[in-house]
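Okay, thanks for squeezing me in. Let me put the structure up, and then we'll go through helix packing and cysteines.

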Amino acid sequence: MSEPIVGCWILAAARGDEGSYQKVLKSMRYNIAFGSQTIFPCNCQPRCPQPTDEQMEALDRRLQADIRAAHDHQGLTSR
């Protein structure tokens with residue numbers, strides 16, 4: 001079973017919350033190994049503050065780099 005990722009964690013991570021970033025990263029690593037991913041949307045009222053497009057792009061780049069580094073370290077990729 002995949003480890004659900006809560007949309008609120010993604011939004012907070014993009015805005016710079018390191019604890020939320022670590023939750024997202026841990027869940028994503030597990031889900032990549034598992035082969036499935038579930039993301040639940042933010043249902044908070046009022047809605048969680050939205051990050052800027054630039055913040056979301058930076059989060060995406062950081063996640064990709066950290067996930068790639070972990071795979072490279074484990075010898076899972078040959079790039």
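So, a bit of vocabulary before the helices: angles under 35 degrees count as roughly parallel, over 145 as roughly antiparallel, 65 to 115 as roughly perpendicular, and the rest as oblique. This is a predicted model, where local features need pLDDT of at least 70, side-chain atom pairs count only at pLDDT 80 or more, and totals for chains, interfaces and linings use all residues. Residues are numbered from 1 along each chain as its sequence is written, and side-chain values use heavy atoms, with hydrogens and water left out.

Right, helices (DSSP runs of H or I, at least four residues, numbered from the N terminus). H1 covers residues 7-14 and H2 residues 18-34; their axes come within 8 Å and cross at roughly 125 degrees. Those axes are lines fitted to C-alpha atoms over the stretch in contact, with angles from 0 to 180 degrees between N-to-C directions. So H1 and H2 are oblique to each other.

Who touches whom? From H1 we get Trp9, Ile10, Ala12 and Ala13, and from H2 Ser20, Tyr21, Lys23, Val24 and Ser27, with contact meaning heavy atoms within 4.5 Å.

Now the cysteines. How many disulfides does the structure hold? Zero, counting a disulfide as a pair of cysteine sulfur atoms within 2.5 Å. Cys8 is in none, and its nearest cysteine sulfur, from Cys44, sits 3.5 Å away. Cys8 is buried (under 20% relative accessible area, 1.4 Å probe, protein chains only; exposed is over 50%, partly exposed in between), at 18%. Cys42 is in no disulfide either, with the sulfur of Cys48 nearest at 3.5 Å, and Cys42 is buried at 7%.

Definitions and conventions
Helices (H or I, at least four residues) and strands (E, at least two) are DSSP runs, numbered from the N terminus.
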